[in-house]
Amino acid sequence: LRHTYACEVILVICVTSHQTELADLLRPISEHIEEIQNFREKNRSSHLFNHLSAVSESIPALGWVAVSQKPGPYVKELNDAAMFYTNRVLKDYKDIDPCHAEWVHSYLSIWTELQAFIKQHHTTGLVWSKTGPIAPPSLFTAPSAGPCPPPPPPPVFPDEQTKGDNSVAQRSALFAQLNQGEAVTKGLKHVSDEQKTHKNPALRSQGGVHHTSTSKDKVPGSTPTPVKKHSPILELEGKKWRVEHQEQAHTLLIEETELRQVVYVFSCTNSTLQIKGKVNSIIVDNCKKLGLVFHNVVGILEVINSRDIQLQVLGKVPTISINKTEGCHVYLSKESLDCEIVSAKSSEMNILVPQGDDEYKEFPVPEQFKTVWDGSKLVTEPTEIAG
């Protein structure tokens with residue numbers, strides 16, 4: 001069935017000469033993808049949240065038809081994003097319910113089969129026909145009944161950040177500009193030789209000619225739309241502490257904790273959170289410039305899709321996981337020196353080990369590795385960057 005959808009889109013691409021028509025064709029499914037991603041955001045407390053995340057992170061792969069040159073690697077990248085969450089599903093339901101494992105293998109097979117299809121028929125992307133007839137308008141008209149619409153163009157922002165309700169309109173505006181082709185340069189102003197610094201030495205000392213932009217210079221549809229503002233949250237929901245959308249908040253405190261509780265910190269910026277007592281686990285997701293101080297964690301502390309994070313362990317934590325994060329400083333306590341630190345797709349990671357009273361020694365976590373074949377197996381070890 002999914003190959004049928006792809007073939008319908010391919011048919012239109014082969015017979016049309018206007019990418020704006022393709023954008024119109026793909027818009028309905030793009031809206032459905034937005035609904036899927038919003039559904040995941042609204043159900044963070046669900047016990048199937050990892051299932052929803054796997055679908056939400058990989059579903060934009062349906063837009064491979066709008067990816068030029070190498071759509072196959074694009075699909076693989078989104079499939080890898082899904083596997084980050086499906087691995088959690090396999091771990092959580094390993095000895096509980098085998099149907100979840102079946103679901104994982106069935107779902108991931110969708111993208112592996114799609115990769116094989118692309119590799120066989122469209123390795124370098126879909127090609128626009130220059131001699132074929134123009135597609136009739138009926139192909140772009142939504143049918144009254146029938147199968148679901150074909151895949152959308154890939155999202156402009158692949159990041160797993162919180163999306164506003166107007167992201168579909170922003171993407172449509174951007175694609176409309178890009179789809180103009182050579183006509184996109186018609187809005188540029190002509191610069192005479194007198195205004196060019198390399199042909200007019202007198203302008204070099206003045207820093208060039210500066211013009212005040214007018215309304216005529218603006219490209220239609222380029223005005224940014226404000227992102228929807230979310231209300232900050234700090235509350236206990238069942239067994240989960242939710243700390244979300246906090247900004248410039250440096251006195252956040254979770255004090256009455258229990259061993260069975262988890263703490264989920266999402267989309268917090270330039271804030272500081274302190275967690276007292278002992279909790280089951282802590283997840284830091286999509287945060288920037290966050291300081292986290294905590295006492296004891298029984299399970300794991302995870303940092304995902306974040307930037308400029310500082311963690312301080314006052315008690316003990318067995319495992320710290322850092323994924324897709326730029327800049328993470330971890331201050332260990334004497335009790336937590338035996339913890340395991342697992343990292344992937346991250347950079348600028350430093351572990352600070354206590355050396356005395358309020359003194360720490362900093363150790364960088366390797367980001368670059370060397371792999372060699374020793375005759376029987378691959379051997380991988382970190383490399384030291386010279387200079």
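**A seven-stranded sheet and the pocket beside its strands**

In this predicted model, seven strands form an open sheet of mixed pairing, in the order E1-E2-E4-E6-E8-E10-E12. Strand E1 (233–237) and strand E12 (340–344) are the edge strands, each pairing on one side only. Averaged over the sheet, neighbouring strands are turned by 10° against each other, direction ignored. As background for what follows, strands of a sheet pair through backbone hydrogen bonds, either parallel or antiparallel.

The setting for this sheet is a protein chain with seven helices and 16 strands. Of its 387 residues, 37% count as buried. Among contacts between residues at least 6 apart in sequence, 33% join residues at least 24 apart.

Within the sheet, the run from E4 through E6 and E8 to E10 can be followed bridge by bridge. E4 and E6 run parallel and are joined by five bridges; here Val-265 stands opposite Val-284 in E6. The next pair, strand E6 (residues 281–285) and strand E8 (residues 300–304), is also linked in the parallel sense, over four bridges. Val-284 appears again in this pairing, standing opposite Val-303 in E8. On either side of that position in the sequence, Ile-282 stands opposite Leu-301, and Asp-285 stands opposite Ile-304. E8 in turn runs parallel to E10, with five bridges joining the two, and the bridge partner of Val-303 in E10 is Ile-322. A reader tracing the model can therefore step across four strands, from Val-265 to Val-284, from Val-284 to Val-303 and from Val-303 to Ile-322, using the pairing that DSSP finds between strands.

How covered are E6 and E8, the two strands in the middle of this run? Four of the five residues of E6 are buried, so the strand is largely enclosed by the rest of the structure. E8 is mostly covered as well, with four of its five residues buried.

These strands also contribute to the largest pocket, which has a volume of about 1200 Å³. Its lining comprises 40 residues, and those nearest its centre are Asn-50, Arg-88, Asp-92, Ile-283 and Glu-302. Two or more lining residues come from each of helix H3 (49–58), helix H4 (71–92), strand E4 (262–266), E6, E8, strand E10 (319–323) and E12. H4 gives the most, with nine residues. By residue type, the lining divides into 15 nonpolar, 12 polar and 13 charged residues.

Asn-50, one of the residues nearest the pocket centre, is found in helix H3. With a relative accessible area of 15%, Asn-50 falls under the 20% cut-off and is therefore buried. Leaving out residues up to four places away in sequence, Asn-50 touches Tyr-85, Arg-88, Val-89 and Asp-92. Two of these partners, Arg-88 and Asp-92, are themselves listed among the residues nearest the pocket centre. For orientation on the helices, an α-helix has 3.6 residues a turn, so residues three or four places apart point the same way.

Burial in H3 extends well beyond Asn-50: eight of the 10 residues of the helix are buried, so H3 is largely enclosed by the rest of the structure. The buried residues are Phe-49, Asn-50, His-51, Ser-53, Ala-54, Ser-56, Glu-57 and Ser-58.

The connection that follows H3 offers a further point of interest in Ala-61, whose place is in the loop between H3 and H4. Is Ala-61 buried or exposed? At 1% relative accessibility, Ala-61 counts as buried. Beyond its neighbours within four places in sequence, Ala-61 is in contact with Tyr-74, Val-75, Leu-78, Trp-111 and Leu-114. The C-alpha atoms of Ala-61 and Lys-76 are separated by 8.4 Å, with the two residues lying 15 apart along the chain.

Key. Residues numbered from 1 in each chain as written. Predicted model: local features only at pLDDT ≥ 70, side-chain atom pairs only at ≥ 80, totals over all residues. Heavy atoms only, no water. Axes fitted to C-alpha atoms, helices over the stretch in contact; angles between N-to-C directions. 1 Å grid on protein atoms, 1.4 Å probe; cavity = no way out; pocket = protein on both sides within 12 Å on 5 of 7 lines; lining within 4 Å. Points joined across faces, edges and corners; volume = space filled by probe spheres on them. Nonpolar A, V, L, I, M, F, W, Y, C, P; charged D, E, K, R; others polar. Buried < 20%, exposed > 50% of the residue type's maximum accessible area, 1.4 Å probe, protein only. Contact = heavy atoms within 4.5 Å.
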